[in-house]
Amino acid sequence: MLIIVAALHTTLTAGCWIVSPPSVLMGWLMLDDVALLFLSITSLLFLISSFYAVGYLRRETEGSRPDFEDQSLFVNAPETRFIACLLFFLSTMTVVILSRHFGLFWVAMEATTLASAPLIYFHRHHRSLEATWKYLMICSVGIAMALLGNFFLVAATIPAEGESVSLVLDQLIQHNNGFQIIWLKAAFIFILVGYGTKMGLAPMHTWLPDAHSESPSVVSALLSGALLNCAFLGILRTHQLCVAAGIQRFSQDLLLGFGLFSMAVAAVFILGQRDYKRMLAYSSIEHMGILALGIGLGGEGIFGAMFHAVNHSLTKGLLFLTAGNILAVYHTKSTSDVRGILKILPLSGILWITGFLAIVGSPPFGTFLSEFTILKAAIDQQQIGVAVVYLALLSLIFIGMADIFLRTALGRQSIESDNDTVREHALMVVPPFCLAVIVLCLGIYLPSAFSRLLHDAAQILGGI
Amino acid sequence: MTSFFDAIMVLLILTNLALLGTSRLRTCIHICALQGLLLGTLPLTTTIELISFRAFLLAGGGMVMKAIVFPRLLERTLQDTHVQREVEPFIGYSISLLAGIGLLGFSLWLGSRLPLPSMITSPLVIPVSFFMMMVGLLLIVSRKKALTQVLGYLVMENGIYAFGVAISPEAPFLVEMGMLLDAFVAVFIMGILMFHINREFDHIDTDRLSVLKD
Amino acid sequence: MNAAYLHLPVALIFAPALLSVINRIKALFAGRTGPPLLQPYYDLAKLLKKGAVYSRTTTWVFRMNPIIGLSAVLVALAFIPFAGSVAVLATKGDIFILAYVLGLARFFLIIAALDAGSSFEGMGASREAQFSALTEPAFLVGLAAVSRATGGLSLSEMYGALSFQTWMSIGPIVLLVAAAFLIVLLTENARIPVDDPNTHLELTMIHEVMVLDYSGPDLAMIFYASALKLWIFGSLLVGLVLPIHGANLWLDALAAYGGMVIMAVCVGVIESCMARLRLLRIPQLLVAASSLSILAFLLLLR
């Protein structure tokens with residue numbers, strides 16, 4: 001069921017590459033290039049994750065079992081509910097991406113939160129409960145802020161006299177000189193803070209490490225790879241308005257600041273992190289920071305950010321799925337207890353190392369190209385300070401992650417290899433492997449259709 | 001009519017202050033319900049010329065949701081979890097009240113800095129909705145119980161709703177309903193989660209949810 | 001002639017009657033007949049006939065207190081506008097004179113209570129000091145709000161400018177200030193949600209405990225002063241809620257005196273229906289009253 005729907009979704013998305021669908025519901029739902037890009041990411045990631053999920057659910061035994069950290073008993077949520085929520089999650093994310101109406105966008109965005117909350121609480125033990133509560137509370141509050149931002153947007157469109165405009169993006173952009181700038185600025189700040197919470201920009205990121213580390217790995221992959229992008233899309237849409245109204249300087253500066261700050265926070269927490277799933281979560285924060293930075297720089301940076309969104313989603317999917325494999329065998333998330341993955345899980349070990357190289361942006365991978373593009377944008381615009389800080393933070397993160405990844409992958413094996421449990425099932429390895437291949441391909445060769453799509457998307461957002 | 005609208009705004013402010021100063025969980029829920037009731041009348045007051053069917057439906061929907069359904073849900077949770085009836089704040093009630101007054105002053109100042117769009121019926125709307133948002137945040141931050149956090153969330157949501165109703169009488173119906181539905185599901189899930197938290201930990205004090213940290 | 005010169009003696013004569021109205025209402029609620037309406041006057045006459053007893057530990061402060069307290073309240077009364085007339089001693093900024101004169105009376109009451117040397121009275125004094133510190137913001141900010149609304153700088157100007165038009169335009173704000181004043185009135189006059197005027201031997205009481213050691217004419221003066229104080233706060237409240245004036249001097253006066261009686265009835269009803277608050281809750285109530293005043297003021301500042 002899961003796979004069928006996922007495959008169907010992907011097929012439809014792929015179809016959209018060939019024929020662009022007309023807008024429906026008075027332009028409330030429409031697929032432009034940016035949406036197509038994000039939709040493709042989500043769809044692909046979901047398809048691959050669903051294969052993994054099938055294998056994952058097969059491994060999860062029924063009944064109660066002891067928790068591996070403090071031995072308290074817990075049971076899983078029913079499988080059917082898990083799958084139902086997963087599918088609902090996919091549909092809400094699709095609506096978010098397709099939506100051109102800010103109100104509808106908000107409704108769908110809140111719905112993603114609600115759909116994903118039960119997913120995080122799949123393992124019914126107290127830590128996941130805590131994570132779910134924090135996730136639900138912080139994100140709901142954050143998104144409520146974004147709602148206020150939306151209403152400010154309405155206020156911005158109401159000129160001193162005359163009728164108001166509806167919140168459909170295209171109409172708003174045409175309306176560009178009727179904005180009341182101060183309201184638009186307030187709206188942007190609130191939406192940035194609101195969707196930024198969901199996207200995991202520091203300092204509103206606090207729910208993210210908890211939720212990502214406690215949810216099942218499939219869910220972590222989807223949260224990190226797809227959901228964060230959706231939230232980012234909300235900020236992008238508002239940014240589009242700012243560009244149309246001619247205040248992109250203002251919004252770019254804000255994005256730049258938040259981006260760099262997120263990277264800095266992530267760097268601090270990655271150094272010396274003791275939980276590898278949390279480390280991956282902080283890495284998500286870092287990459288969201290990079291995305292915001294790319295948009296904030298403008299010009300070529302926007303192209304870089306678009307490209308980086310693709311790369312990050314796929315790579316993070318790969319890493320979280322692999323982390324799931326490791327967790328399944330080692331039964332611990334502590335970085336100091338995991339040693340010698342390469343020996344115990346040879347295939348997963350290779351994927352782990354590959355993912356590491358990809359996520360820090362080493363040359364053969366797509367992430368290198370996109371991070372480099374953003375760096376180039378910074379230097380092109382004479383923002384040497386930004387470039388230097390960016391590089392310094394990237395290298396700090398490289399050091400922090402290299403320490404963890406290499407220590408866990410290499411070294412003497414820390415658990416007895418027992419052939420019965422340590423069998424790498426095809427469904428555990430093939431999905432992340434696909435992702436790794438795609439990221440590698442994107443680094444080596446950019447298909448022309450894809451590159452055109454990226455350029456078009458960047459153009460919509462005011463880049464080149 | 002404007003005076004009537006202002007009166008509702010002042011009453012809204014008073015309910016917020018009452019929320020900050022109340023020590024009983026159940027009373028808090030009731031105040032929240034009252035707030036929902038007041039908010040429900042807002043769509044009727046903004047469209048004075050013709051009370052359209054839509055405004056009526058919106059008012060009715062909002063009122064039923066915010067004044068009956070949410071409080072019922074929360075009361076059910078309160079009963080099921082058998083928690084203590086005290087709010088248990090981190091910040092004392094009097095200080096909370098004073099903080100509330102401070103926030104009110106701040107939001108009035110903030111409201112005076114932003115230009116008024118022509119649609120708005122009363123200049124009080126913007127400060128009041130700011131104020132309700134901030135009170136909601138204050139409740140979330142300064143109270144221990146998960147239940148009061150949900151209440152805080154509701155108050156925030158209410159503030160935004162007030163702003164939305166006042167500013168865009170012709171916002172699409174679908175969106176408004178979607179927002180209400182979202183809020184409903186959010187409260188519902190939070191209620192379930194609270195139930196689970198209570199079963200797992202035997203309390204709903206969020207300050208003791210502190211296993212996950214760096 | 002200024003009508004205030006007539007209102008002043010009326011106040012002096014009828015202030016204790018307000019107390020008997022309150023007592024009557026309470027008796028009615030309790031199903032008793034209650035004391036006769038002239039009971040406060042009988043009490044006063046009885047006390048005046050007796051001699052005073054002073055403890056050996058007390059000093060002149062203790063003896064001065066009833067005189068200072070009564071004269072301060074008398075001075076304060078002369079600043080109070082009644083039924084829309086200009087008060088006898090009206091000047092610009094007399095809000096502050098009023099507040100400080102009442103503060104002077106309270107100061108002497110407190111140090112006299114300390115002077116008595118009993119720990120019981122000291123406790124009452126400390127409570128009185130705490131609660132009055134909390135009521136003063138409510139009172140002053142409320143008056144400031146009224147001043148802001150009417151543009152008047154003296155009490156008489158402010159209350160003269162109030163009318164039903166004010167209710168129409170800024171009704172909610174007037175209501176807020178009135179609510180704050182009601183709480184101030186109840187607190188300042190040791191009425192029930194805050195203090196119980198009928199008990200003399202409870203650990204939670206405030207005002208009565210401070211005057212335990214007085215007897216004879218001294219006690220009569222204190223008793224009379226507190227009746228006048230009720231009149232002062234009552235007329236401020238009534239002037240705010242029922243701003244009827246301008247039509248006819250007699251009609252105005254009738255409305256104002258009627259308002260005073262209604263006020264006394266309301267206080268009686270409140271006393272009958274509520275229990276005294278726990279001592280820890282009282283500051284909360286007073287902060288709430290201050291909040292109401294500040295809220296009204298902020299709303300007017302916009």
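What follows is a chat about a predicted model with chains A, B and C, and about what stands behind the words used for it.

Reader: What makes you trust chain C at all?

Author: Its mean pLDDT is 87, and 97% of its residues reach 70 or more. The scores for the model are ipTM 0.87 and pTM 0.84.

Reader: Which pair of chains has the most contacts?

Author: Two pairs of chains touch, and A with B has the most contacts. On that interface, 34 residues of chain A are in contact with 36 residues of chain B. The elements of chain A giving two or more residues to its side are α4 (102-120), α5 (126-157) and α7 (181-199). The largest share, 17 residues, is from α5(A). By residue class, the chain A side divides into 23 nonpolar, six polar and five charged.

Reader: And how many residues of chain C are in contact with chain B?

Author: Eleven, and they meet 17 residues of chain B. On the chain C side, α7 (164-188) and α11 (282-301) are the elements that give two or more residues. Eight residues come from α11(C), the largest share. The split there is seven nonpolar, three polar and one charged.

Reader: How do you know that no contact joins chains A and C?

Author: A contact needs C-beta atoms within 7 Å. Between chain A and chain C no pair of residues makes one, and the closest C-alpha atoms of the two chains lie 20 Å apart.

Reader: Let's go inside chain A. Why is L454(A) called buried?

Author: The cut-off for buried is 20 or more other C-beta atoms within 10 Å. L454(A) has 24 such neighbours, so it counts as buried. Leaving aside neighbours within four places in sequence, L454(A) is in contact with L37(A), F303(A), M306(A) and F307(A). L36(A) is 418 residues away from L454(A) along the chain, yet their C-alpha atoms are separated by 9.8 Å.

Reader: Which helix is L454(A) found in?

Author: Helix α18 of chain A, residues 448-460. Its 13 residues reach 18 Å from the first C-alpha to the last, close to the 18 Å expected at 1.5 Å a residue.

Reader: What makes you say that the buried residues of α18(A) line one face?

Author: The buried ones are L454(A), A457(A) and A458(A). Looking down the axis of α18(A), you find them within an arc of 100°, so they line one face of the helix. An α-helix has 3.6 residues a turn, so residues three or four places apart point the same way. What covers the buried residues of α18(A) includes α2 (33-59) and α12 (300-330) of chain A. On the other side of α18(A), S448(A), A449(A) and R452(A) are exposed. After the helix comes G462(A), with a positive phi near 90°.

Reader: Which residue of chain A has a positive phi although it is not a glycine?

Author: H331(A) is one, with a phi of about 60°. It is found in the loop between α12 and α13 (341-344) of chain A.

Reader: Why does H331(A) count as partly exposed?

Author: Buried would take 20 or more neighbours, and exposed 12 or fewer. H331(A) has 14 C-beta neighbours inside 10 Å, so it counts as partly exposed.

Reader: And A190(C), buried or exposed?

Author: A190(C) has 21 C-beta neighbours inside 10 Å, so it is buried. This alanine has a positive phi too, about 55°, and lies in the loop between α7 and α8 (207-210) of chain C.

Reader: How do you know that the bond from A202(A) to P203(A) is cis?

Author: Its omega is near 5°. P203(A) lies in the loop between α7 and α8 (207-214) of chain A. As background, most residues other than glycine have a negative phi, and most peptide bonds are trans.

Reader: Back to chain B. What makes you call α5(B) largely enclosed?

Author: Of its 18 residues, 15 are buried, so α5(B) is largely enclosed by the rest of the structure. The span also agrees with a helix, because 26 Å is expected for residues 125-142 of chain B and the end C-alpha atoms are 25 Å apart. Chain B as a whole has seven helices and zero strands, and 51% of its 214 residues count as buried.

How values were computed
Residues numbered from 1 in each chain as written. Chains lettered and ligands numbered in written order. Predicted model: local features only at pLDDT ≥ 70, side-chain atom pairs only at ≥ 80, totals over all residues. pLDDT = per-residue confidence, 0-100. Helix = DSSP H or I, 4+ residues; strand = E, 2+ residues; numbered from the N terminus. Nonpolar A, V, L, I, M, F, W, Y, C, P; charged D, E, K, R; others polar. Expected span 1.5 Å × (residues − 1). Arc of directions from axis to C-beta.
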